[in-house]
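The following report describes a two-chain model in terms of its chain dimensions, strand pairing, nonpolar cores and backbone geometry.

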Amino acid sequence: MQPKLAAKARCSDGEVGKISKVILDPLSREISHVVVSEYSGQRMERQVPISQIQEVPNEEEVVLRCSVAEFGQFPVLDRDGYVTIHDLEIAHLEDNLHVEPGEILVPYPRLEQGVPRRSFFANMTHAIGALIALPFVYPVLKFVMKPMYRPFDNEWFSVGNVNKIKKENIGYQFKFRRGFKEVFMPEQQIEKNIWVVKATPEVRKAVYEGKDKKFHDEKGDIVWVNKANAPYIGFSGKCPHLGCGYKWRRTKNYPDGVFLCPCHLSIYDEAGKVVDGPAPRALDVLPMKVNAAGEVKIIDIEYKAGVEKQIRLL
Amino acid sequence: MSGHQDPVNEPNVFEKVVDFVDERVGLKTLQAKMLNEPVPGGSRWAYAFGSVLLFIFILQVVTGILLMFYYVPSTDHAYASTQYIIHEVDYGWFLLSYHFWGSSAMVVMVFAHMSQVFLWGAYKKPRELVWLVGLALFGIVMAFGFTGYLLPWDQRAFWATVVGVEIMDKTPLIGDFMARFLKGGPTPGQMTISRFFVIHVMVLPAALMGLAGLHIFLFRKAGPAGPFRGTPEELKAKTDYFFPRQIWKDIVAMASVFLIICSLAFIEPVVLLEEATPDPGDYHPEPEWYFLFLFQLLRLKIFGGEFGQFLGSIALPGAFMALLAVLPFIDTSPERNIFKRPASLIGWILVMLMILVFTVSAIINRDFLD
């Protein structure tokens, strides 16, 4: 039951005025009061609770429960205590409010009348939009992918001299600088490191399992073979867990020393085998050659971290 | 109350200009609509988090734009230009440190905001989409933190990115592509800076602005949820409009957060480590504190090995986010009182405890390493 604006308000003993406004509760979103503009006197606007409405016999008329005298007791509307719904945001207000005098219709323009294929035009618009976007997909993909896949770098780098390594079966770090040329940038010198172990035959056996280790390029061709009986073994400085840099450390549990990665605490022995922590595979052996003077050269291979198999990245 | 003025005085020039604009734009209606939003059950401090987030973001934009006046996103200049900002540019240290601590404040506020919405049961019908868009915004805030972290190009930045990208690489099917896409190559370098930079200063801000707009629009459409206790009469008696009481609480909260960020910038200004290089030297890589719990989680043996790592770094966080996303659709009971939703309360406490315990143990582990 919702009263119409401009309906006449009638008490049990006579007509008192017209409904000029309605008041809405912002939380329940229901009409709480009607405002009746008096016919008599100073044409006061009085606020009548919705519960006072007895019935709405027709669209033009509202019957109140009160008498004319009682109607005069209802409070006068204080307009400054209210805002209009245009100045207020109430969710789903329209769904709860039906004070307009019925539906308001707007005709289609003359040219639009009798256009039966409005949905066809709508679909066409979307289709043409998609067709505009389509030719961009492949070029954009290729555009962003340009530097993502690079041929492997099989260059040899000199990293130091094995004469410095005095003891067997401990990790010895060689820091080296190498040129790094990326896309349009001038070549930059970056610092890297590898770990070299002067391995006893047992450790060599643990690393190579008696077999020479072959290294391949992207075509599968062999670029280098590490001999299984070579005394020096070089490990990539990149931790195979998630790519941090590990160190050679002596700890309480491993007084002889182990390779320890400070990131996620992976621990490897002198043969690079995982002894503790979350690493999925052993340290990566690098292609390495040592000349008669003891100078160490390596190919700076990088493998993907975090996987059991060695997947070459660089 | 527009259109209800007493024509006592002739309008002055300023009022004429305002009226001119208002007639064409409808500013007064817009302003009135924004300010006169009924807050069921009345304003509360707990409702300030969303506004504070918007405030922090705006200042991140301002400080971020200023930093770009000097910053050069390249491997040979990123570090030097950041050092220049810190040591040479007047108040550069302050603006950079503000931006740095602002990002932490953003993450803290996101957690507070999400917790409030969760505990109040405000994600439930009809606010499911507000919640979903909010989750996307959470992802964007974390992505902001991750991409911004690389830009100074010091050792901290470099190694956090190396590990972070390796983690993303573990995503099934698209992981390798995603990691190469972000790195712009097989290993981090110039292309990584370029990509992180453009994502940090163009892609993410655009995404955040669009989604935050949608978030607020959907929120206004559904209306505020209000408290989870109280009869309709009690709520009605305490209801007020967004202005002035809630705005007052919001502005006080914003000012407090602003002061805290400024203090942190003064007390702990940003200091860079050595310039980034693939040799960590003596540095023990560590992510920003809000990723520490995840970092510590990955130290556990059960998250070791190829599968364990996938479990810990992709499956578990992914499942947690998926759970949050479907939450409004599986938790369809209209009950919003957190004390009558024991599973939700216990779940929230457990997640917070987990984050706390793992963060603290990561910090304790630092001593063990040195």
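Helices (H or I, at least four residues) and strands (E, at least two) are DSSP runs, numbered from the N terminus. The model is predicted: local features need pLDDT of at least 70 and side-chain atom pairs count only at pLDDT 80 or more, whereas totals for chains, interfaces and linings use all residues. Residues are numbered from 1 along each chain as its sequence is written, and chains are lettered from A and ligands numbered from 1 in the order in which they are written.

**Chain A: dimensions and strands**

Chain A contains four helices and 18 strands. Its radius of gyration is 43 Å, while a compact globule of 314 residues would have one near 20 Å; the radius is taken over C-alpha atoms, and the globule rule is 2.2 Å times the number of residues to the power 0.38. Along the principal axes, the C-alpha atoms of chain A fill a box of roughly 120 × 60 × 35 Å. Of the 314 residues, 27% count as buried. A residue is buried if 20 or more other C-beta atoms lie within 10 Å of its own, exposed if 12 or fewer, and partly exposed in between, with C-beta atoms placed from the backbone.

Two strands pair if DSSP finds at least two bridges between them. The table lists three antiparallel pairs of chain A.

| Strand pair | Bridges | A bridge or opposite pair |
|---|---|---|
| S2(A) (14-24) and S3(A) (31-38) | seven bridges | A:Lys21 and A:Val35 |
| S3(A) (31-38) and S4(A) (45-49) | five bridges | A:Ser37 and A:Glu45 |
| S17(A) (288-290) and S18(A) (295-299) | three bridges | A:Met288 and A:Ile298 |

S2(A) and S3(A) form a hairpin with six residues between them, and A:Arg29 in the turn has a positive phi of about 60°. The hairpin of S3(A) and S4(A) also has six residues between its strands, with A:Gly41 in the turn at a positive phi of about 60°. An open sheet of three strands has the order S7-S18-S17 in chain A, with antiparallel pairing. Its edge strands are S7(A) (156-161) and S17(A), each of which pairs on one side only.

**Cores and the interface**

The largest nonpolar core has 55 residues, and those with the most contacts inside it are A:Ile194, A:Cys244, B:Trp153, B:Ala157 and B:Val163. Such a core is a set of buried Ala, Val, Leu, Ile, Met, Phe, Trp, Tyr and Cys residues joined through C-beta atoms within 7 Å. Helix H7 (residues 155-168) of chain B gives the most to this core, with eight residues. A second, separate core of 36 residues includes B:Ala122, B:Val130, B:Val141 and B:Phe144.

Two residues are in contact if their C-beta atoms, placed from the backbone, lie within 7 Å. On this basis, 51 residues of chain B are in contact with 45 residues of chain A.

**Backbone geometry**

The peptide bond from B:Lys125 to B:Pro126 is cis, with omega near 5°; B:Pro126 lies in the loop between helices H5 (92-119) and H6 (128-150) of chain B. A cis bond with omega near 5° also runs from B:Phe243 to B:Pro244, and B:Pro244 is placed in helix H11 (residues 242-267) of chain B.

A:Asn169, in the loop between S7 and S8 (171-180) of chain A, is a residue other than glycine with a positive phi, near 60°. A:Asn169 is partly exposed, with 15 other C-beta atoms within 10 Å. B:Leu173 has a phi near 65° and is exposed, with 7 other C-beta atoms within 10 Å.
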